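Have a look at the sequence and the 3D structure below. Then we'll walk through the chain, from the big picture down to a few details.

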Amino acid sequence: LRWEALLMVESGYADEIARLNQEIQEQQRRLDAVMRIAGSLSTIMKVDELISEAMRITLDVAESDAGSILLYDPDKKKLVFEYVVGPKDEELTGMELEPDQGIVGATFQTGQTSVYDDVSKNEEHLKSVGEKVGYATVSMVTVALKSPERNAVGAMQILNKRNGCFTRHDVELIELMAAEIAVAIENAFVPG
């Protein structure tokens, strides 16, 4: 009985060590992404290039196939696909949505991150956008882009995790990258 108890204790330690190693790997992944963005900041002068590179890094680190940034255009009163990285970038760029339309509209309105492993089960998902451009979305993380004053300026969507489902660490990383992108966008459009 004592040996069984010792084995259970050892097993518990092994599980905890494995969990801590996983946590360290996830933290390293986040740090690497931030370092890549910081490196880009020092070499890229045009905001469009910077945001596109930040999107590519986010997709790479989150192991996802596509992503988009929709910005709110107050003159048109629309969310506009301004930055798109992925197989349907040309078809999506410039497309407009109502600011309360779809998952992206809900996130823009509420500021709350949404995560779906299967968007087909969500009534708010705009299947028509994917059908129009010939792209099937399965999994999705949508994050509000907020100005330093915490006003939503748009939203970022990361689509189709390649292996498995989006993890808590993926979502935290995407939120971190969205915050950096929002600052870049805000700085680019501030007069002065």
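What follows is a short tour of the fold, one helix, a ring pair and the cavities.

First, some ground rules: this is a predicted model, where local features need pLDDT of at least 70, side-chain atom pairs count only at pLDDT 80 or more, and totals for chains, interfaces and linings use all residues. Residues are numbered from 1 along each chain as its sequence is written, and side-chain values use heavy atoms, with hydrogens and water left out.

**The whole chain**

The protein chain has six helices and six strands; these are DSSP runs (helices: H or I, at least four residues; strands: E, at least two), numbered from the N terminus. Follow the sequence and you meet them in the order α-α-β-β-α-β-α-β-α-β-β-α. Of the 192 residues, 41% count as buried. Buried means under 20% relative accessible area, exposed over 50%, and partly exposed in between (1.4 Å probe, protein chains only).

**Helix α2**

Helix α2 covers residues 47–61, which makes 15 residues, and runs 21 Å from first C-alpha to last, close to the expected 21 Å. That expected span is 1.5 Å times one less than the number of residues. Its buried residues include Leu-50, Ile-51, Ala-54, Met-55 and Thr-58. An α-helix has 3.6 residues a turn, so residues three or four places apart point the same way. After α2 comes Glu-63, with a positive phi near 50°.

**A pair of rings**

How many aromatic pairs does the structure hold? Just one. Rings of Phe, Tyr and Trp (its six-membered ring) pair if their centres lie within 6.5 Å; planes under 30 degrees apart count as stacked, over 60 as edge-to-face and the rest as tilted. Tyr-72 and Phe-108 are stacked, with 5.3 Å between centres and 25° between planes. The two partners sit 36 residues apart in the chain.

| Residue | Element | Relative accessibility |
|---|---|---|
| Tyr-72 | strand β1 (residues 64–73) | 29%, partly exposed |
| Phe-108 | helix α4 (residues 102–110) | 11%, buried |

**Spaces inside**

There are two cavities of 30 Å³ or more. On a 1 Å grid over the protein atoms alone, a cavity is a set of points where a 1.4 Å probe fits but cannot get out, and lining residues have an atom within 4 Å of a point. Grid points are joined across faces, edges and corners, and a volume is the space filled by probe spheres set on the points. The largest cavity has a volume of about 240 Å³. Of its 18 lining residues, Phe-81, Val-129, Thr-137, Met-140 and Gln-157 are the closest to the centre. Helices α4 and α5 (127–133) and strand β6 (152–161) each supply at least two residues of that lining.

Terms used
On a 1 Å grid over the protein atoms alone, a cavity is a set of points where a 1.4 Å probe fits but cannot get out, and a pocket is an open set with protein on both sides within 12 Å along at least five of seven lines; lining residues have an atom within 4 Å of a point.
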